[in-house]
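Please look over the sequence and the model below before reading on. The briefing goes through the strands first and then the helices.

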Amino acid sequence: TLLSRSAGSPAHPDPPARRPSGPPLVIKAEAGPEGVTMVITGELDLTTRPVLAEHLSAVLCTRPPRLILDLAGTSFVDCGSARLIVSAGQFLPPGRRLVVRHPSRAVRRVLELTAFGTGCEIEGYHHFL
């Protein structure tokens, strides 16, 4: 924990950093002959991760031959949500990898910095966010 000090006063912890609330999380899944595409818009963080987990679980229970996550509209992803996304790939058929399509610059950066991106295929790249 970082501490703030001023002359002659005891140490006081800094207040926790707060991010402004982002757009609501929306997840839509569409099944096709080759697999399932999930379009995810909004922010993936500690508060929305359970919703993502529930949707991923429901889709993976159908045993799709392929899973594509379209993240073009996802403006933020925390490390825990990135880990959840990549771990979903282990439930696909042998030899199949999870596909992350059109991640924003912020999402791609988290995948690269955490090396979670090595556990999936990344297609396309949106520069607008």
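How many bridges join strand β4 to β5, and do the two run parallel or antiparallel? Strand β4 (residues 35-44) and β5 are joined by 8 bridges, and they run parallel. The model is a predicted one, and the points below start from β5 and work outwards.

**Strand β5 and its neighbours**

- Strand β5 covers residues 67-77, and 8 of its 11 residues are buried, so the rest of the structure largely encloses this strand.
- On the β4 side, G42 has T74 of β5 as its bridge partner.
- Between β4 and β5 the chain passes through helix α1 (residues 49-60), and this β-α-β crossover is right-handed.
- Strand β6 (residues 99-101) also pairs with β5 in the parallel sense, over 3 bridges.
- In that pairing, I68 stands opposite V99 of β6.
- A right-handed β-α-β unit is made by β5, helix α2 (residues 79-87) and β6.

**The sheet**

- The sheet is open and has 5 strands, in the order β3-β4-β5-β6-β7, with mixed pairing.
- Its edge strands are β3 (26-32) and β7 (121-123), each of which pairs on one side only.
- From one strand to the next, the twist averages 20°.

**Helices on the sheet**

- Helix α1 packs on the sheet and touches β3, β4 and β5.
- The direction of α1 makes about 180° with that of β4.
- Helix α3 (residues 105-114) lies across β5, β6 and β7.
- Relative to β5, helix α3 runs at about 105°.

**Helix against helix**

- What angle do the axes of α1 and α2 make where they cross? They cross at roughly 5°, and the two axes come within 10 Å.
- Angles under 35 degrees count as roughly parallel, and α1 is therefore roughly parallel to α2.
- On the α1 side, the contact is made by R49, L52, A53 and L56.
- On the α2 side, the contact is made by G80, S81, L84 and I85.
- Sorted by class, the contact of α1 with α2 has 5 nonpolar, 2 polar and 1 charged residues.

Terms used
Residues are numbered from 1 along each chain as its sequence is written. This is a predicted model: local features need pLDDT of at least 70, side-chain atom pairs count only at pLDDT 80 or more; totals for chains, interfaces and linings use all residues. Side-chain values use heavy atoms; hydrogens and water are left out. Buried means under 20% relative accessible area, exposed over 50%, partly exposed in between (1.4 Å probe, protein chains only). Helices (H or I, at least four residues) and strands (E, at least two) are DSSP runs, numbered from the N terminus. Two strands pair if DSSP finds at least two bridges between them. A crossover is right-handed if, with the strands pointing away from the viewer, the path from the first strand over the helix to the second runs clockwise. Axes are lines fitted to C-alpha atoms, for helices over the stretch in contact, and angles run from 0 to 180 degrees between N-to-C directions. Contact means heavy atoms within 4.5 Å. Angles under 35 degrees count as roughly parallel, over 145 as roughly antiparallel, 65 to 115 as roughly perpendicular and the rest as oblique. Ala, Val, Leu, Ile, Met, Phe, Trp, Tyr, Cys and Pro count as nonpolar, Asp, Glu, Lys and Arg as charged, and the others, Gly among them, as polar.
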